[in-house]
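Please open the model in your viewer with the cartoon shown and the side chains ready to be switched on. The stops below are given in the order in which they can be selected.

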Amino acid sequence: MSIGVEALFTSALGLAPPWEVQDVQLDTARKRIDFEVRCSAGLLACPACGTAGQKVHDRLRRSWRHLDFFQFEAWLHAEVPRVACGGCGKTSQLEVPWARPGSGFTAAFEALALALCRELPVRQAAKLLRCADKQLWRRIEFYVEKARALESFAGVEVIGIDETSLRKGQHYITVVHDLQRKRLLYATEGRDHQTVLDFVADLKAHGGDPAEVRHICMDMSAAYAKGAGLALPAAAISYDHFHAVALAVEAMDAVRRQEVQDEPQAVARALQAAGPKAKRQLMWGMRRNPESWSTAQWQSMHSLQRSTLKSARAWALKMALREVYAQARQHNDETLARRDLQAWMSWARRSRLAPMKQLAQTLKTKLDGVVRGMLDHRSNAFVESMNGLLQQAKRAARGFRTAKNFIAVAYLRMSKLSNLALDAVWRYPGMPADFYRDWWRVAAEEAEHFDALRQHLRALPRAPGTGWDYGDFQAHDGLWTMCERTAGDIVARMALVPRTLEARGLDATPQIQAKLARVGTPAARALQAVLEVILRDEVGHVAIGNRWYCWLCERAGLQPLQHYQHLLQQYAAPRPRPPFNATARLHAGFSAAELDWLQQAT
């Protein structure tokens with residue numbers, strides 16, 4: 001039995017009635033393939049109010065760029081109906097199932113573009129996709145904004161505030177990191193105290209509580225300190241050692257520059273043995289760690305250490321401050337750290353080097369925060385890693401033109417936007433718009449479940465007095481494994497993930513709640529309440545899986561129960577086992593016949 005090329009491509013594109021491929025044009029010279037898609041229905045539901053059986057008013061021609069077919073650039077073209085509704089009186093354009101409204105790319109193409117922009121510079125991704133980088137920037141901003149709107153900042157306790165230059169001149173971006181989950185929470189233009197106030201407003205908008213923020217790691221900016229004092233007064237501030245040592249390097253450089261300017265002959269005599277380029281090698285040698293010195297820098301630094309130059313004393317003070325921090329990381333004792341730092345400040349004040357004396361005074365006025373930063377080396381390491389990721393984002397955004405674009409790509413790469421990576425949304429194009437809306441809703445509720453369970457874990461006592469956290473206990477990966485197995489089969493994904501593995505949670509949760517009731521402690525009762533919310537929402541999630549499984553079976557001419565039995569064997573899925581929560585399963589869309597089969601099959 002032969003299959004027409006139009007029917008073949010209708011299936012390949014994932015189209016369902018009334019949409020079908022009407023014509024295919026292949027241009028080998030231009031390496032392009034064009035699909036003419038039509039809507040064969042004469043009566044359609046109103047896109048505005050849902051009233052069924054409304055007449056088509058007219059059709060507007062639209063085109064979309066799709067994923068390449070082999071080496072051919074693919075385009076979809078369609079005369080999209082506008083429906084004149086007798087119910088609401090509106091004339092509305094029908095949404096196509098393969099693209100979001102207003103986009104010139106299909107959903108599958110946009111998903112690929114976002115994945116590339118997460119790994120490659122945007123300009124390079126645009127070159128690979130053969131499109132303008134401006135088109136990709138618009139997609140990044142659109143999807144990042146949508147995904148951030150669904151993010152939850154509940155439970156944020158330890159944050160890092162930093163700045164980065166956008167370009168040469170006084171153009172700065174303030175960034176706020178969640179140092180526990182290693183993600184970018186917020187980025188905005190400027191570096192004044194208002195940026196901190198704006199972050200707190202954004203934190204509240206995403207379900208976070210400013211009162212729960214107990215620790216801030218930042219540099220010694222007076223503006224950030226003012227903002228933190230106004231908006232996060234309960235949080236302890238620590239000044240990370242990278243900025244403290246950077247201030248020491250700046251003070252050391254100031255001493256060196258002034259000495260080269262005021263006493264050039266003394267400097268020349270001290271460095272005479274180091275060669276003609278000794279001054280330049282001295283500058284880099286003083287800034288770098290000894291283990292990274294070149295041969296020329298070794299010679300310059302050897303001459304410096306044997307001299308009586310002020311630069312030698314400044315370099316020794318810088319290295320001594322680094323050693324104070326290194327010792328603090330070893331002993332992690334506040335008393336010893338404070339003693340060592342005060343001894344260093346005393347030396348700096350007696351050094352007769354104005355920049356070092358000024359640094360000592362700065363450290364003295366912020367002593368508590370500096371000492372806290374010496375001990376909180378874990379947060380400092382997070383700040384360093386986040387700064388590295390931010391620099392990668394900056395390189396990826398070369399040619400970004402605006403601060404808005406830079407911030408968007410920083411969110412894309414660093415914010416761990418869980419709602420941007422919905423597997424079922426991007427992996428299966430060509431489904432009705434309701435399919436994607438349903439799974440966006442599931443993702444938002446699953447994020448709430450994660451936050452609720454994580455907060456409960458962190459509230460449980462644990463020696464020596466700290467709470468547990470997500471990831472501290474072992475868990476099976478059965479659901480994730482099944483997602484990987486069914487990646488290429490949407491029918492199997494709907495059958496075996498939501499309506500098999502997640503449906504198992506409907507059966508198991510009441511049993512867990514009963515055990516918690518027997519325990520009867522406040523913590524057990526609190527977890528019962530959390531599980532009650534999860535059970536309620538999971539009924540809806542399984543119902544969504546059931547709905548789309550049955551829809552897909554009907555589209556393909558499959559009998560749902562028989563095909564489900566076949567899929568269980570094909571993908572080696574775990575068979576459902578009693579006891580079954582019949583009430584919850586019926587509410588989730590299981591038929592009485594299937595429940596009977598489940599009971600008999602086990």
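Select Ala572 first, in this predicted model, and you will find Ala572 in the loop between α22 and α23. Its phi is near 50 degrees, which is a positive value in a residue other than glycine, and with a relative accessible area of 55% Ala572 is exposed. Stay in that loop and move to Pro579, which also lies between α22 (560-570) and α23 (582-587). Display the backbone here, where Pro578 and Pro579 are joined by a cis peptide bond with an omega of about 5 degrees.

For another positive phi in a residue other than glycine, go to Arg130, where the value is near 60 degrees. Arg130 sits in the loop between α3 (122-129) and α4 (133-149). Is Arg130 buried or partly exposed? Its relative accessibility is 42%, and Arg130 therefore counts as partly exposed.

Next, select residues 193-205, which form helix α5, together with residues 222-231, which form helix α6. Two packed helices are described by the angle between their axes and the distance between the axes. For α5 and α6 the angle is about 35 degrees and the axes are 7 Å apart, and α5 passes α6 in a right-handed crossing. Which residues should be shown as sticks to see where α5 and α6 meet? On the α5 side they are His193, Thr195, Val196, Leu197 and Val200, and on the α6 side Ala223, Tyr224, Lys226, Gly227, Ala228, Leu230 and Ala231. By type, the residues of this contact divide into 8 nonpolar, 3 polar and 1 charged.

Keep α5 on its own for a moment and look at its length. At 1.5 Å a residue, the 13 residues of α5 should span 18 Å, and the end C-alpha atoms are 19 Å apart, which agrees. Now colour the buried residues of α5, namely Thr195, Val196, Phe199, Val200, Asp202 and Leu203. Because they cover an arc of only 160 degrees around the axis, they are on the same side of α5. Turn the helix to the face away from its buried side, and you will find the exposed residues Lys204 and Ala205. After α5 comes Gly207, whose phi is positive, near 85 degrees.

Move on to helix α10, residues 295-305, and pick out the buried residues Gln297, Ser300, Met301, Ser303 and Leu304. These cover an arc of only 155 degrees around the axis, which puts them on the same side of α10. To see what the buried residues of α10 pack against, add α8 (264-270), α9 (278-287) and α11 (310-331) to the display.

Helix α13, residues 354-365, is the next selection; its 12 residues reach 17 Å from the first C-alpha to the last, close to the 16 Å expected at 1.5 Å a residue. Its buried residues are Met356, Leu359, Ala360 and Leu363. Seen down the axis of α13, they fall within an arc of 100 degrees, so they line one face of the helix. On the other side of α13, Ala354, Gln358 and Thr365 are exposed. What covers the buried residues of α13 includes α7 (241-262), α11, α12 (334-349) and α14.

From there, go to α14 itself, residues 367-375, and select Gly369 within this helix. Gly369 is buried, with a relative accessible area of 7%. Which residues is Gly369 in contact with, once its neighbours within four places in sequence are left aside? They are Ile237, Ser238 and Tyr239. Gly369 and Tyr239 are 130 residues apart in sequence, yet the distance between their C-alpha atoms is 5.5 Å.

For the last stop, select Gln513 in helix α20, residues 490-519. With a relative accessible area of 11%, Gln513 is buried. Beyond residues up to four places away in sequence, Gln513 touches Gln528, Leu531, Glu532 and Leu535. Then add Ala529, which belongs to helix α21, residues 522-556. Ala529 is partly exposed, with a relative accessible area of 47%. The C-alpha atoms of Ala529 and Gln513 are separated by 8.9 Å, and these two residues are 16 residues apart along the chain.

Technical notes: Residues numbered from 1 in each chain as written. Predicted model: local features only at pLDDT ≥ 70, side-chain atom pairs only at ≥ 80, totals over all residues. Heavy atoms only, no water. Axes fitted to C-alpha atoms, helices over the stretch in contact; angles between N-to-C directions. Helix = DSSP H or I, 4+ residues; strand = E, 2+ residues; numbered from the N terminus. Left-handed = near helix turned anticlockwise from the far one by under 90°. Contact = heavy atoms within 4.5 Å. Nonpolar A, V, L, I, M, F, W, Y, C, P; charged D, E, K, R; others polar. Expected span 1.5 Å × (residues − 1). Buried < 20%, exposed > 50% of the residue type's maximum accessible area, 1.4 Å probe, protein only. Arc of directions from axis to C-beta.
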